[in-house]
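Trainee: I have the model open. Can we go through the labels and the reasons behind them?
Mentor: Yes. Bring up the structure.

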Amino acid sequence: MKKSMISIILLLGLVVYGGYDLLQKSSQEAGRQSRADVANLETGTQKGQLAPDFSLTDLNGKQVSLADYAGKKVLVNFWATWCPPCRVEMPHMQKFYEDYEAKDVVILGVNLTPTEKNRSVVQDFIREQQLTFPIVLDQEGEVSQAYKVVAYPTTYFLDADGVIREKFQGAINYDVMEKVLQGMN
């Protein structure tokens, strides 16, 4: 009786281990498959497409590209200092950035520089709002054109693979950002 009980326990252990091993291999294969699928995605500005990469300078003249944030979830936020909804949205963006930066979530602010009076207006706004997330200047308007920005602000939510998961035209608040982020997990 004792030997048969030990045999049954060993057999159950082997079955459980076999199932676990199969699941591990399946999930690794699925991970390889999803990376391959991402590599085959079309680049564009619609949900489910790879976000177009870009490289712009920040206020210190440092080159910053979207590719710098590979592996992180990124909110690409197009904004301007003169835009009332942008001004309302900025405290929410800053708080969200502070709360989620340690969780590999980045806000990349893209200032619509051609619409500004001058560069110092942007610097003053950033200082006034105490913004600490990365902000780049779209000085020629090429990136906002590539992303088809027609309303201010516009925010794209990208997953860790750079795939567009959500897009908002108009101001959003902290709760909306959090809800979208949770849906991306």
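**Labels and reasons**

Mentor: Start with handedness. The torsion about the S-S bond of Cys83 and Cys86 is about 80°, so the disulfide is right-handed. Keep in mind that this is a predicted model.

Trainee: What makes Cys83 and Cys86 a disulfide?
Mentor: The S to S distance is 2.4 Å. The cut-off is within 2.5 Å, so the pair qualifies.

Trainee: How many disulfides does a search of the whole structure find?
Mentor: The search finds 1.

Trainee: Why does Cys83 count as buried?
Mentor: Its relative accessibility is 2%. Buried means under 20%, so the label holds.

Trainee: And why does Cys86 count as buried?
Mentor: Cys86 has 0% relative accessibility, so the label holds there too.

Trainee: Why is strand E6 called largely enclosed by the rest of the structure?
Mentor: E6 covers residues 154-158, and 5 of the 5 are buried, so the description fits. Thr154, Tyr156 and Leu158 point one way, Thr155 and Phe157 the other way. Both sets are buried.

Trainee: Why the alternation?
Mentor: In a regular strand, side chains alternate between the two faces of the sheet.

Trainee: How do you know that E3 and E6 pair?
Mentor: 5 bridges join E3 (residues 73-79) to E6. Pairing needs at least two, so they pair. They run antiparallel. Val74 stands opposite Leu158.

Trainee: What joins E6 to E7?
Mentor: 5 bridges, again with antiparallel strands. E7 spans residues 164-169. Phe157 stands opposite Glu166.

Trainee: What lies between E6 and E7 in their hairpin?
Mentor: 5 residues. In the turn, Gly162 has a positive phi of about 85°.

How values were computed: Residues numbered from 1 in each chain as written. Predicted model: local features only at pLDDT ≥ 70, side-chain atom pairs only at ≥ 80, totals over all residues. Heavy atoms only, no water. Buried < 20%, exposed > 50% of the residue type's maximum accessible area, 1.4 Å probe, protein only. Helix = DSSP H or I, 4+ residues; strand = E, 2+ residues; numbered from the N terminus.
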